[in-house]
Amino acid sequence: MTTKKKGAPTTDNAPKITQENIKPKPPTKQEVALLALLEAGKHGLNTFEANAKYGDTCLHSTISAFRKLYSIEFSTKQESATSRVGTPVSVKRYFLLDELSIKASKKLIDYWRKKRNAPLLFSK
C-alpha cells in the first residue's frame, strides 16, 4: 500500500490546463514585420522605419523571405533618406503589392498567432 504525503497535489485539485490559461508565446520577427507592413498600408516601410519600429536591421532579407517562403508579393520604390551620421543614402520602400498579398498576409499572421496561442486579429 502506498501512502501520499500530506499536502501532495492530487489530480482532483490540480489546475486544469486549457487554451484560455496558457500564456501566449511572444511574436516572431516575421509576424511583427508583416503586421508593421499591413499597418503602414500604402505608405509602406523602408529599412530605417523598420529598425525604429521593431528593430529590423535587414528589411530586405525579411522581404526576400516572405517572397520565397510564402509567395507574398511586394512593390518597391527607390528613395533617398538620411543615414544616422547625416549622409544621404538610397533605400527601398516596400509595400504589399495588392489585395491578394494583403489577404495572404492576414491569414499568415493569424496562423502564426494561433500556433503561439495568441488571439487572432483577422479571423473570427
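Biologist: Is Glu 39 buried or exposed?
Modeller: In this predicted model, Glu 39 is exposed, with a relative accessible area of 56%.

Biologist: And which residue does the side chain of Glu 39 meet in a salt bridge?
Modeller: The partner is Lys 53, and the N to O distance in that salt bridge is 3.6 Å. Because Glu 39 lies in helix 1 and Lys 53 in helix 2, the pair ties together parts that are 14 residues apart in sequence. Lys 53 itself is partly exposed, with a relative accessible area of 48%.

Biologist: OK, what about Lys 29, which residue does that one pair with?
Modeller: Lys 29 forms a salt bridge with Asp 56, and their closest N and O atoms are 3.5 Å apart. This pair links distant parts of the chain, since Lys 29 is in helix 1 while Asp 56 sits in the loop between helix 2 and helix 3, 27 residues apart.

Biologist: Are those two buried or exposed?
Modeller: Lys 29 counts as partly exposed at 40% relative accessibility, whereas Asp 56 is buried, with a relative accessible area of 2%.

Biologist: Switching to the strands, what does Arg 93 form with Glu 79?
Modeller: Arg 93 and Glu 79 form a salt bridge whose closest N and O atoms are 2.9 Å apart. Arg 93 lies in strand 2 and Glu 79 in strand 1, so the pair ties together parts that are 14 residues apart in sequence.

Biologist: Why does Arg 93 count as buried?
Modeller: Arg 93 counts as buried because its relative accessibility is 7%, which is under the 20% cut-off.

Biologist: Last one, how many salt bridges does the structure hold?
Modeller: There are 6 salt bridges, and Glu 31, Arg 113 and Arg 116 are linked in a network of them.

Definitions and conventions. Residues numbered from 1 in each chain as written. Predicted model: local features only at pLDDT ≥ 70, side-chain atom pairs only at ≥ 80, totals over all residues. Heavy atoms only, no water. Salt bridge = Lys/Arg side-chain N within 4 Å of Asp/Glu carboxyl O. Helix = DSSP H or I, 4+ residues; strand = E, 2+ residues; numbered from the N terminus. Buried < 20%, exposed > 50% of the residue type's maximum accessible area, 1.4 Å probe, protein only.
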